[in-house]
Amino acid sequence: MSVNQDITTLCWNLWQKANIPTIYGLNLRHFAEDTQLSEFGQFQKTLASSQEFSGFTRKPIQEFQVYRSGRMSGLLVGGNLAVMCWLLGTAFAPEIPNGAILFLEDDIETNGYYWQMYLTHLKQAGVFEKISGLVFGQVDKGTVFQPKSSFKEILDIVIESI
């Protein structure tokens with residue numbers, strides 16, 4: 001049996017409430033299906049010695065994937081965009097440290113309307129005022145945005161404070 005559920009809540013609460021470091025990223029099911037053996041080796045090394053983790057290799061970032069170029073530094077925190085929004089106002093809501101780099105990803109079925117709604121929700125909650133940078137996971141090529149509402153146009157409106 002294969003279960004593919006989001007672990008944002010678990011990772012945030014292990015880290016913030018129990019001071020246990022977590023890894024948010026590829027899961028074992030991913031390795032079994034379509035990941036190169038070298039990436040699995042990196043994953044094993046990270047589990048054996050998290051102090052020596054220097055990041056996973058990935059495809060180079062293309063210019064069209066960069067919204068605003070520059071440098072950022074800070075603690076890397078984040079998770080699933082929808083889950084983070086659902087948790088706001090609860091005892092399980094993530095506390096975003098000042099100066100952090102926030103990474104967000106969401107389900108490949110999430111359409112553009114939800115991206116805009118969730119990012120607006122984070123903006124209204126003051127999340128973007130705290131962070132030094134923002135990184136997005138993959139936005140699926142098939143994501144449907146409303147006319148005159150591309151992902152870049154959504155960012156123009158929502159992410160003006162970073």
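**Exercise 1. Strand β2 and its surroundings**

Task: Classify F103 as buried or exposed, and identify the strand in which F103 lies.

Solution.
Step 1. F103 has a relative accessibility of 18%, and because buried means under 20%, the residue counts as buried. The model under study is a predicted one.
Step 2. The residue lies in strand β2.
Step 3. A partner distant in sequence is F136: the two residues are 33 residues apart along the chain, yet their C-alpha atoms are 5.5 Å apart in space.

**Exercise 2. The environment of F136**

Task: Determine where F136 is found, how accessible F136 is, and which residues F136 is in contact with beyond its neighbours within four places in sequence.

Solution.
Step 1. F136 is found in strand β3, which comprises residues 133-136.
Step 2. With a relative accessibility of 22%, F136 counts as partly exposed, since that class runs between 20% and 50%.
Step 3. Once neighbours within four places in sequence are set aside, the contacts of F136 are L104, W115, L119, F151 and L155.
Step 4. Two of these contacts, W115 and L119, belong to the α5 side of the α5–α7 contact, while F151 and L155 belong to its α7 side.
Step 5. G78 gives a further spatial relation: the C-alpha atoms of F136 and G78 are 9.7 Å apart, with a sequence separation of 58 residues.

**Exercise 3. Packing of α5 and α7**

Task: Describe the relative orientation of α5 and α7, the handedness of the crossing, and the residues that meet.

Solution.
Step 1. Helix α5 spans residues 112-124 and helix α7 residues 151-158; their axes come within 10 Å and cross at roughly 15 degrees.
Step 2. Angles under 35 degrees count as roughly parallel, and therefore α5 is roughly parallel to α7.
Step 3. The crossing of α5 past α7 is right-handed.
Step 4. From α5, the residues G112, W115, Q116, L119, T120 and K123 take part; from α7, they meet F151, I154, L155, I157 and V158.
Step 5. By class, the residues of this contact comprise 7 nonpolar, 3 polar and 1 charged.

**Exercise 4. The salt bridge**

Task: State how many salt bridges the structure holds, and locate the residues E95 and K130 in the chain.

Solution.
Step 1. The structure holds 1 salt bridge.
Step 2. The bridge joins E95 to K130, with 2.7 Å between the closest N and O atoms. This distance satisfies the cut-off, as a salt bridge requires such atoms within 4 Å.
Step 3. The pair links distant parts of the chain: E95 is in the loop between α4 (81-87) and β2 (101-105), K130 is in helix α6 (residues 127-130), and 35 residues separate them.
Step 4. E95 is partly exposed at 49% relative accessibility, and K130 is likewise partly exposed at 28%.
Step 5. As a general principle, side chains of opposite charge can pair when their charged atoms come close.

**Exercise 5. Helix α1 and the residue that follows**

Task: List the buried residues of α1, name elements that cover them, and characterise the backbone of N19.

Solution.
Step 1. The buried residues in α1 are T8, C11, W12 and N13.
Step 2. Their cover includes β1 (76-80) and α4.
Step 3. N19 follows α1 and is placed in the loop between α1 (8-18) and α2 (28-34).
Step 4. The phi of N19 is near 55 degrees, a positive value in a residue other than glycine. In general, most residues other than glycine have a negative phi.
Step 5. N19 counts as exposed, with a relative accessibility of 64%.

**Exercise 6. Two loop positions**

Task: Compare the accessibility classes of G126 and D107, and give a spatial relation for each residue.

Solution.
Step 1. G126 lies in the loop between α5 and α6 and counts as buried at 16% relative accessibility.
Step 2. The C-alpha atoms of G126 and I96 are separated by 10.0 Å, although the residues are 30 residues apart along the chain.
Step 3. D107 is found in the loop between β2 and α5 and is partly exposed, at 40%.
Step 4. D107 and G137 are 30 residues apart in sequence, with a C-alpha distance of 9.9 Å.

**Exercise 7. The chain as a whole**

Task: Summarise the secondary structure, the burial and the contact separation of the chain.

Solution.
Step 1. The chain has 7 helices and 3 strands, ordered α-α-α-β-α-β-α-α-β-α from the N terminus.
Step 2. Of its 162 residues, 29% count as buried.
Step 3. Among contacts with a separation of 6 or more, 72% are between residues 24 or more positions apart.

Key
Residues numbered from 1 in each chain as written. Predicted model: local features only at pLDDT ≥ 70, side-chain atom pairs only at ≥ 80, totals over all residues. Heavy atoms only, no water. Axes fitted to C-alpha atoms, helices over the stretch in contact; angles between N-to-C directions. Helix = DSSP H or I, 4+ residues; strand = E, 2+ residues; numbered from the N terminus. Parallel < 35°, antiparallel > 145°, perpendicular 65-115°, else oblique. Left-handed = near helix turned anticlockwise from the far one by under 90°. Contact = heavy atoms within 4.5 Å. Nonpolar A, V, L, I, M, F, W, Y, C, P; charged D, E, K, R; others polar. Salt bridge = Lys/Arg side-chain N within 4 Å of Asp/Glu carboxyl O. Buried < 20%, exposed > 50% of the residue type's maximum accessible area, 1.4 Å probe, protein only.
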